[in-house]
Every structure is written in structure tokens, then in C-alpha cells.
Number of protein chains: 2
Amino acid sequence: MQTTGSIRNKVVSSDLQAERNNCNFDQLELTHLLWGGQKEYQRVRGIIADVERYEVLKGSEKWYDMSREEQHENALLRLRTMYDKYFDKYFKEYKPSMTSWWSVGFQGLMPFMVTFSMFYSAVKGLGSDEQGDKWLPLIRTMKMTGCYAQTELGHGSFVQGLETTATFDKEKQEFIINSPTITSFKFWPGDMAIYSDHAIVFAKLIIDGKARGVHGFMVPTRDRQTWAPLPGIEVGEIGPKFGFNSKDNGYLALRQVRIPKGNMLSRLVEVDENGKMHVKGDPRALYGIMLETRVWICRFASQQLSQGLTIAARYAVVRRQFSTLDASKEERKLLEYQTHMFKFGPLLAYIMVMNITSKYLIQEYETLEEELMQKKFDRLDIMHHLSAGYKAAFSKIAYEGIDTCRQACGGVGFSAHSGLPSLQADYAPNTTYEGDNTVMFQQAAKLLLKTYKQSLKGEKAQGYLAYLNDVDGLLKLKGQIITVEQALDLDKLDKALAVRSAYKYKRTMALLKEIESKSENERVHSLAAVDIVGMAHSHILYVAYQIFCANISQLGSIKCPNLRGHLQDLGRLYALSELKNDSASLYEAGYFESTSGTAIQNAQKHLLSKLRPYMIPLIEAWNFPDHLLPSAIGNSYGDIYETQLEWARNSKLNKNPMPKGFKEYMLPILTAKL
Amino acid sequence: MQTTGSIRNKVVSSDLQAERNNCNFDQLELTHLLWGGQKEYQRVRGIIADVERYEVLKGSEKWYDMSREEQHENALLRLRTMYDKYFDKYFKEYKPSMTSWWSVGFQGLMPFMVTFSMFYSAVKGLGSDEQGDKWLPLIRTMKMTGCYAQTELGHGSFVQGLETTATFDKEKQEFIINSPTITSFKFWPGDMAIYSDHAIVFAKLIIDGKARGVHGFMVPTRDRQTWAPLPGIEVGEIGPKFGFNSKDNGYLALRQVRIPKGNMLSRLVEVDENGKMHVKGDPRALYGIMLETRVWICRFASQQLSQGLTIAARYAVVRRQFSTLDASKEERKLLEYQTHMFKFGPLLAYIMVMNITSKYLIQEYETLEEELMQKKFDRLDIMHHLSAGYKAAFSKIAYEGIDTCRQACGGVGFSAHSGLPSLQADYAPNTTYEGDNTVMFQQAAKLLLKTYKQSLKGEKAQGYLAYLNDVDGLLKLKGQIITVEQALDLDKLDKALAVRSAYKYKRTMALLKEIESKSENERVHSLAAVDIVGMAHSHILYVAYQIFCANISQLGSIKCPNLRGHLQDLGRLYALSELKNDSASLYEAGYFESTSGTAIQNAQKHLLSKLRPYMIPLIEAWNFPDHLLPSAIGNSYGDIYETQLEWARNSKLNKNPMPKGFKEYMLPILTAKL
């Protein structure tokens, strides 16, 4: 007997329930794995419970129908409620941690989010201990709010090009911060337009007429009582965006604004009263902060994509389309179409690999952070490499994956009520901010170029780069995947990804050698740029596979044997999807032969059939609450119609029988006689 | 001397001007080609001139900052102005044509657009001559407005599954239209929620208790004087969407609504007073209407993508990033990065191929339309094949291409003021409506399956499918592209695309044979679905290449030799991009060998370097007016900063120094003592 899902009646659709009943593994173990451990998951549940205690805090579909002004107002009300109810827990005792409370309990973008992330971290990482002691408690209690004012209208990733100046006035022991041109306007920083009363302004330091590099300065921007901009400050909001419309990205111009000498962030460098610069720390420590945000982006890629997949996959097991079942007039579930599984199966595989890889990245970052404080910099190169590469690779996968989820829902994926449009649009900046993805792959490639140079001197690559020590050996492997069995062999898949990367590495290095008479700029940006980016991309995805396999095969890491089996299958599927996307190198290297494509596709089909029954239990292991991303088609009841109709009926344009302008402009025409 | 672009001062940026000065071909000839001929282009200019005559008609950046209500109001005001100023030209004498006035002169979605397209065409194509004579003049003068009410909440592409009923009441000679369930609510039709007073409702006809197929019925939905829904009608708007927010997509329920017998659209079938059905025409004529919308989608794919590329490419020759030039501290133009040309060059190539292919499609469609009226149906199969395939392929290319353009602008591509977010979001439904793209490829595949069956009987495929007559011959070609010269050879590229498609065709047919013991449903939807879709995709892209080459090489078709050269290079680039994306079949077939990948990439590099100087003149040949898609970074002055700052300053959130809620919820916290 078919049961229709209904939120109103608290009834779960029988189609969705049947999928849940298929679960043959320890779902809670997977839940813990996905959230980064049992302890972290308990913290997450705690946040969710705190949110659920007050109706006003919970996400609502009304959000989708709000203007930007209304979204700001609503977000501020929710933030204020959090502050009133949970001041000690989430503010006073705030520590940056990988799962922030607002990422699992706040619909839209949290106001002051930048205050609590980049602003806080910059003070901590770039400010002296005294500055930290002074400012951090104020930030935690919102007695000081701020933004990270680096990007300018004319200058993005190229920090050396920043035009804002900070001129040292020896007499008054002050810095004069100035925006000399239109292109020097600070542009884009979040929390800048409205929410901040301070900005960490990155500016070209000038002492005695000489440029002394770009540094960060703490600049008060508003009167704390009236919230009016201080003299010399022009600040405003930059306007509507693709997504992120509840965030107050801003512009800021500073006209000869004076700040005390003590407001220069001085963990790394300090200017004394005579205008002499003292290097106190290694400027490389600055990288740590940039890396942190990238690591966050990697961490959230799997979570955000999973939110989209949760919606789309639930819809796909309840929604039916075309009567293409044998011996039944019933329509077929979307997920019963092979083409649909070919969309969602690989996404689930990427989610698992991204999730496990990010966890590794977080651990490594935490170690790096400690080491940087002890002025140890060895780990910086590899972390820069991995975080840049994964920022680019994962944000691309997640962004495109969310879009795939949205499109796979057909028309309703285009409706804001599905939850998918806001997810996609709000996720979109991840591919751009903290470094455009193309630039990020170029950054990631640097370590490979360095590794090659070192190899010429006989130095061996270490860790996950070790495969590059035997490029020629890898390229000697021929015809390794010609049957389905081979295409399912974890080790052969590992080698295939290694060969693909090694082939591109070798070819790129040969090309660079061939054009070595050209300048470095020409080689890297004009002649071999696509080769370098392609090489970095393949390499970084191979390293993710290595990290994933190492983690799930580690003794005792996965207790439930069925879960381990599913994860291994997802690892296989990840590798196969990658090989399917980009296999030319493998044919050229001879690792693939004329039946490899068929073998790979058949292996994919095999795995997707095998995984099909467990898709919902695997995806739902995240256990997202419905209010985190309200969806009329992807809620936990499998209610895909009742709620859709109800939300449609309640939508804003239906409040007035005639929209503005209709009566005035159109009715006279429509009702006039010919 | 560098000149900065400034709209205010009517100064063109010297960087942009320098690009324009590179033009070495007859740009006007290309302009005519792109718009479908000199005459059509003159019509387009006429529309643009008509729009430019009244400030209120011109697009404005304010649009991006409007709520949905405000967008509706603004669109209605513009429509009313058009109606007042140009009633005869654009309304009374309206004829559906490939370039509608609103597609080149209307920012956002035109209200009543569906009235003038699908509603009008359905009356024309499905209504009897008498019905047409009665209704079409009313529609043209807006004395009757309507929508195409097919899709239901529970039923999309599967027309046979529609639940709405139209029961014949013999006694009263009426049809009773009814929505029996929630899932039978009409859902999504544009112009339905607010703008229509009629709906062509597709419903299951029931006569004497027997279902007699799905047919179209003209149902009045509103009182023309008060605009209130008529008794038994529930109608409303479905809520906010990813894009298209100025379109009133609606829902509609009909509760035992009675319409006269004469309101059944009866060109094809008629019910007499005794309830007997009379087939008057071939039901296949119905396809014609569905094809028309698909052909439109194909036609607009190249135009819409070009709008995005115009913005992104102008920005890329004015915006500079990183000082990576030799012997200069100046930063490098984005388009001088190889990675950037690898994004934009292929998009331009796809644009040209899509444009020429669509023109062919339009011509074929026009012929088909005439033939259908004469009850000739031979061309229907191939047109169904091509229009389904190109709808899927081109909408995907254009959608992803616009996204590429948006992302290639970095941060500012995320700002609505770039124009790119609205372009992307409003374009997005093209991949979904009129048939989900996966379903469309499956539809396109049908002719290939039929061709194969016919080939077994010795029948030869004709026209652009003729290459399938010699699959084995094609698959015998070995190692054909191993040098750059070969990779630039138009004929070898043709063969490469043919081999790729032939290989998939052969492999798919072999698979279908292998599983012939399974049911048709299982074979087509489960076991070989991805093979079928992949085959159709490769085939359809190869046919586009054939059409493109046939058209540009036709004697006298392109007069300017340099233009012909550029088009040939773009044809090469199209083929190379395709081969780069998906080449496994070619390695498996042996057409590619171990150096093919390098040859292809080097050929791409060669072509992109060659085309680089002409990118702006080639892209700008469309000659879009700035007001069609207002952009702070892609206007014709190359003004990428001044306008950006001005629009930011004028944006809505800056009207109030403090957003709603801030003073009330936040200020007390922010200013309180600890």
C-alpha cells in the first residue's frame, strides 16, 4: 500500500521509508565519520538542539521570498536571539573551530560571520600577543566588529598591486591611511558595508617616502554609538549578487584617516618610533591565515554538496516519471533510471573522498598552526600545495554537483522552494573567493615544479608525492584495465590515477624544458599554462584518492564491515568517474587499451547497481534537520507535493490579487473595447 | 597613453579600442550572418531603435536591485509603453517570427510573452480555422490573453500521465474540466498566475465514461473586467525561482468548470454532438508545436551565450591581474593568459557552430510547418531528432558557457551589476523546460535506433546521417591525428567526430543486441541508457559540425576571405574542443594514437594564439546595445570601474544608513557596556 508523504500529518512516504529500510550498515558510524568524529557530531547535535528550542531560530521557506532588506532584518533577529539565549556558549567562549555553529544552525549568511572568522583569525595570527589580549575578548562579545579589507576595486588576488597607502607620520606617531584612486577602493569584504565598526585594512606601508611592503592595520570605521562612518570614511554596500544576498559585502574609501601607531598588526613586523622596521616573525606565518580559509572551504564542500544531494535523492525516490516499468502501469522512480544513478552515484563518491580528504587537511592544518607558532615552516609548502589544489578542485566539484542535483529535479529544481537555487547561488562564490580556481591550480602546481627540480638533484619526493619518484616505472605499465574485474581493483585504479598524473607531469616538464629559452612569465602564463593547470588537477585528485584509501583501510578505522564495503565501492566509483572524465593520458601511456572504456563503464554500472539500494541510507547519514535547508521536495517525510502546493499558495505575490502596476497599466488595455 | 573607459565622459578605454582596431575582416558581414541575414538584422536594429526612443523602455541596472513585485511593475510599464507607442507594429500585426521584439528589446521576461508565443501557436496549430479566425486577432490585440496549461504538479514530460479530466456532457453540449487531485493541479505555466484570462488546458477527454486521449481545451479563467478568477477556478503564483522572477509561473485548479463544446481545440480531432470523435488531422501535427519551442531554444542559445561572452571578453581585455609581463611592471590583461583563452576561444567556436546550425534548423522547421499543413510528415522524424538533440546539447553548452563567463570575471562576475548572474539564472530553465535534457537525448537517439534497424534491412541512411552507412569503414581509419598539421585539417577533424560517433553507435547497438532477451524498458532505461544518451550526444555534435562546414564552405556564402578564415578556424576549434572533452572512443578505435593528445592541445594553442587578436571584433559583431543587458564591466566603453562604483553607491541598501532591524536588534548589544 502506497503512502503519500505529508509533513502536516507527520507521515513518511512509503517510497522513502522503503529506501530507509534497505540500510544494511551502521549508519551512526557513518554519521560520526562524516561530521569528523563522535564528539564533533555531538557538538553539532547540540547546536541543532539549541536552534530547535526557539521557533524564530529555525530556517523557513519564507526566507526564499524575502527581499534583501527583509533577509538582513530576519538574520539580525535570529542572531540577536542566539546572543540573548546562548551568549556564553557561542560568543563569550567562542573559539574558531571547524564546525561553526552558524554553519549547521543558520539559514542564510550569518551577520558578523566575518567578524567571527577572518577578522578574529587575522587579529590572532597577525596581531601581537598584546593586541590579541586587547581585541579578541572585545570581538567575542561583539564590542568590536570587523572585516578583512584586502581586495580593492582594481586588485584581487594580486596583493602586491594594492594601492591603499599607510604612511607613517613620525611626528604624530600615527599612520595615515589613504585611498588615492577609484581602483584603490576596498571592494567586496563581507561584514564591511553595515556590520563592522573596524576594518583590518591591508595597505602599502610608506616610511620616509619609501614603500615597505603590504601590511595590515586596524582602522576604526564607525562611531559605536551612532554607527555613522567616522570622518574620512566612505563606506557602503555594493549591491545585489548572484547569491549571498544576506551578506553585506561593502566598499570602503579612506581619505587621510589617521590611526595610532599601535594599530598596525605587529606579530610579524613592527615599526618603531623612529620609523625603523623590525621583523619579529617570519612573514610566512601570514600564509597560515590564508590557508585556514581554504581549509574551511574544503571542509564545507562535502557538507554543502550533501545538502543538495539529500534533497535531490529523496525527491528521486518519491517522484515517478513515465510508465516504463514492465508489468505495471505505475510510473518509474527517477532513481531507477540508469542515467539518474550515473549522476548521483558519482556525486556521493566525490562527497566521501572530499570529506575524508578534508578531515586529513584539517588535522594537518592544526599541526601546521602549532608549528608556525614555534616558527617551524617545513609543512608550509605541502599545505599550501594541498589547500590551494583542494580549494579549487573541491569547490568546483561541489558547485557543479549542486547544479547537477538542481537540474536532476527537473522543473521544481528551478523553484526556490526546492531549496536548491539558494544552495547553488550561495555556494557559487566558493569557486572564486580566496583565489580564483585557475589561479589556485597554478599555485598548487608550484610544488610539483619544485619537486621536479629537486628530482634532478637526486632528491626524493615524500609522502603522497612519492609516486613521482618512479614516473618512468609507472609509464611502463601497459594494458592494466581491460576487464571489469580489473576496473574494480582498488590497486589498479590507484595506479591508473597515478599514471594519468605522472604522464601529465612528465609531458609538462618536457614542454617546459623545450621552451626553456623563453622567460618564466611566458612559459608559465602563456605557453604551458594549461598543461600546468591540468597536471596539478590530476595530481591533486590522485592524492585525494590516496588519502581516502589510506584512511578507510587503516586498521579499525571503519568497524562495520558493510560500511567498509560501501566506502570501498565509493572509492572505486570516484576513481572510475575520474578516469571516465579524463582518460586520454592513460590511452597515450598505454595503461588503457581498446576495451578499457567498456570495462570502466561496465564497472560503473555494476557499482551503481550495487549501491542503488543503499543510496538513501548513505546520503541521509548526515542527518541534516529539515529546517537547515527548508525544501518542499527534499524533506525527511518525502512530502513532495502537499508542501509544494502549500508554499506556492502562501507565496508573496499571491497576497495581492493584482500585482502593482497591473491595474494601472494593463487593465485599461485588457478591458477596453477594440 | 592609457585611456580609462568612462561612460559618463563617453570615452572608450584604450585597451578596448586597441582590440577593435585589430579587426581584419568585414564585421558587418558577420553581423548579418549572426542575426540570420541582412534583412533580419535590419529588423533587429529597428526594434532597438524603437526601444531607444523612450528612456523608460531601455534596460537599467536598477532592475537587478528590484523585488519581484517591482520587476513585475516595471515590466508592465514597459509593455504598456510599447503597446501605446507601437500597437500596430508589434501587436496588431504580430506574427510569430524567430527574432521576437522582446528578445532583443526587453530586459527581463516580457509579461504576456507566453500569450504571444505558445498560446498563440497552439491556437494556430491545434485550433480549427474558425477558432483561429475568432481568437488570433483577439490575442494579437490583447483582448484575450492566455497560457499553455500542460504540466501538472505530479506530471511533467509524461503527457499520458496527466490527471486533469475533460468530461463530455452530451445533454448540455459542454465539457466539464476538473482537477481531481493535488497532483493534477496545473503547475508552472508562464503567464498563468496573473496575466492570463484564458488557459489552453490539456486534459484527458472522457466520453461516456471512456478515456479518449489527451486534448487541448480553451478555458476562460478570469473575469475580464475585474480580473477575478471565475467560479471553480483557483489560480495563483508558485513563488520565487532561481531566475525568471519577472515571469508569473502559476498553478491552476479547475473544479467542475464547464466550457462550451466549441472550446475544444479541433484542428486535429472533433467531438460531435453525440459524443462521437472525428479525426480530422494527423495527430503528428501536434509535434510541430512542440518542435517550434525547441527550435527557438536552439536559436537563442548562441545569442544568450554571446551576451555573456561580450561582457566577459570586454572585461578580460581591460582588467589586468598580476605583473607577469616581461620588461613591464604593468599587470597583464586577463585575456593574455593562455588559461583564459582556453575558456573563451572554445565558447566563441561553439557560438558560431550553434548559430549556423540553428539557422539551418529554422529553415528546416519552416519547411516542415508548410508540409504539415499539407499533411506531409516525412520530415517529422529528422526534425524531432535534431530539435530534441540540439535543444539538449545547445542549452547545456550555453548554460555552462554563461557560467564559465561569469566565473572568468572573478569576484565581479558574482555581482549582479556585471549582468552575468541574471543572464545565467534566467537562462537556466532552458536545460529543463520543454523536456529535461537527458530525456531529450533519449528522444534524439530514437532515430539512430531506427536507422540501425533499417540498415539491417539494407536501407541506407540519408543526409547528415549517411556516415552511419559506413561505420566499419570509419573504424578502420587508424592513427590519423598525430601531428599538429593533421589536427588542423578540417577533413580529418570531420572524420574524427564521425569515428567517435560511429564507435559509440556500433558499441551501443552491440550492447543492445547482447541484452536483447531483456525487455525494451530494461534495455533502454536501465541497462544501456547511458550508452544511448552518450551516442546521441556525440552524433548530434558531429551533425552540427557537418552543417557548419557545409554552410561556410558553400560557394559565396562568406564573401570576406579573412572572415571565412576565422570561421574555419572556429570550426577547427569546435572540433578540437569536442575531441579534447571526450576522446576515449577515438583511442579505442585507433584513430588516435599516443601523440594525438599533444597534437590536439598544440593545435588548440596554435588556433587560440591566431584568433586572440580578433576575439573582440568577432564577439562584438553581434552589436548588442548596452541597455539590452546593462553591465558595469562589459559595456561598450570598457568602463569597468567608474560605473561599478557608481552603481554600488546607488544600490538600494545604501538608501538607509542602517538596515531594518539593525537599530532595534543589534545596536543595543553593540553599544552596551560589557
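# Questions on a predicted two-chain model

Q: What is the mean pLDDT of chain A?
A: This is a predicted model. In chain A, 100% of the residues reach a pLDDT of 70 or more. The mean pLDDT of chain A is 95.

Q: What ipTM does the predictor give the complex?
A: The predictor scores the complex in two ways, pTM and ipTM. The pTM is 0.97. The ipTM is 0.97.

Q: Which residues of chain A does the UniProt annotation "domain: Acyl-CoA oxidase C-alpha1" cover, and what percentage of them is helix?
A: The annotation comes from an unreviewed UniProt entry and covers residues 287-449 of chain A. Over that stretch, the end C-alpha atoms are 20 Å apart. Strand makes up 2%. Helix makes up 72%.

Q: Where does UniProt place the feature "binding site", and why do the positions gather at one spot?
A: The unreviewed UniProt entry places the feature at A:Thr151 and A:Gly190. They span 40 residues in sequence. Yet no two of their C-alpha atoms are more than 10.8 Å apart, so they gather at one spot. The positions asked for are A:Thr151 and A:Gly190.

Q: Why does A:Thr151 count as partly exposed?
A: A:Thr151 is found in the loop between strand E1 (146-149) and strand E2 (165-169) of chain A. Beyond its sequence neighbours up to four places away, A:Thr151 touches A:Gly156, A:Phe185, A:Lys186, A:Phe187 and A:Pro189. The partly exposed class lies between 20% and 50%. A:Thr151 falls in that class because its relative accessibility is 27%.

Q: Is A:Gly190 buried or exposed?
A: A:Gly190 sits in the loop between strand E4 (186-187) and strand E5 (198-207) of chain A. Leaving out residues up to four places away in sequence, its contacts are A:Val114, A:Cys147, A:Lys247, A:Asp248 and A:Asn249. The cut-off for buried is under 20%. At a relative accessible area of 13%, A:Gly190 is buried.

Q: Which residues of strand E9 of chain B form the covered face?
A: Strand E9 of chain B runs over residues 257-260. Its uncovered face holds B:Arg258 and B:Pro260. The covered face is B:Val257 and B:Ile259.

Q: Which residue stands opposite B:Ile259 of E9(B)?
A: Strand E3 (residues 174-178) of chain B pairs with E9(B). The sense is antiparallel, over four bridges. Opposite B:Ile259 stands B:Phe175.

Q: Why is one side of strand E4 and of strand E7 of chain B left without a neighbour in the sheet?
A: In chain B, three strands form an open sheet with antiparallel pairing, in the order E4-E8-E7. Strand E4 (186-187) and strand E7 (233-237) stand at the edges. One side of each is free because each has a single partner strand.

Q: What is the bridge partner of B:Glu234 in E8(B)?
A: E7(B) pairs with strand E8 (residues 250-254) of chain B. The pairing is antiparallel, over five bridges. The partner of B:Glu234 is B:Ala253.

Q: How many aromatic pairs are there over all chains?
A: A ring pair is described by the distance of the centres and the angle of the planes. To count, the centres must lie within 6.5 Å. Over all chains the count comes to 80.

Q: Why is the pair of A:Phe242 and B:Phe414 edge-to-face?
A: The two ring centres are 6.1 Å apart. The pair crosses between chains, from A:Phe242 in the loop between E7 (233-237) and E8 (250-254) of chain A to B:Phe414 in the loop between H10 (380-408) and H11 (420-427) of chain B. Both A:Phe242 and B:Phe414 are buried. The pair is edge-to-face because the planes stand at 80 degrees.

Q: What is the angle between the planes of A:Tyr587 and A:Phe592?
A: A:Tyr587 and A:Phe592 are both buried. Their rings form an edge-to-face pair, 5.3 Å centre to centre. The angle between the planes is 75 degrees.

Q: Which ring does the charged end of A:Arg78 sit over?
A: A cluster linked by ring pairs includes A:Tyr83, A:Trp102 and A:Phe106. The charged end of A:Arg78 lies 4.3 Å from a ring centre. That ring belongs to A:Phe106.

Q: Is B:Asp569 buried or exposed?
A: B:Asp569 is found in helix H18 (residues 561-581) of chain B. Apart from residues up to four places away in sequence, B:Asp569 touches B:Leu607, B:Lys610 and B:Leu611. With 3% relative accessibility, B:Asp569 counts as buried.

Notes
Residues are numbered from 1 along each chain as its sequence is written. Chains are lettered from A and ligands numbered from 1 in the order in which they are written. This is a predicted model: local features need pLDDT of at least 70, side-chain atom pairs count only at pLDDT 80 or more; totals for chains, interfaces and linings use all residues. Side-chain values use heavy atoms; hydrogens and water are left out. UniProt positions are given in the numbering used here, feature names are shortened, and annotations may be inferred rather than shown by experiment. Buried means under 20% relative accessible area, exposed over 50%, partly exposed in between (1.4 Å probe, protein chains only). Two strands pair if DSSP finds at least two bridges between them. pLDDT is the predictor's confidence in each residue, from 0 to 100. Contact means heavy atoms within 4.5 Å. Rings of Phe, Tyr and Trp (its six-membered ring) pair if their centres lie within 6.5 Å; planes under 30 degrees apart count as stacked, over 60 as edge-to-face and the rest as tilted. A charge sits over a ring if NZ of Lys or CZ of Arg is within 6 Å of the ring centre and within 35 degrees of the ring normal.
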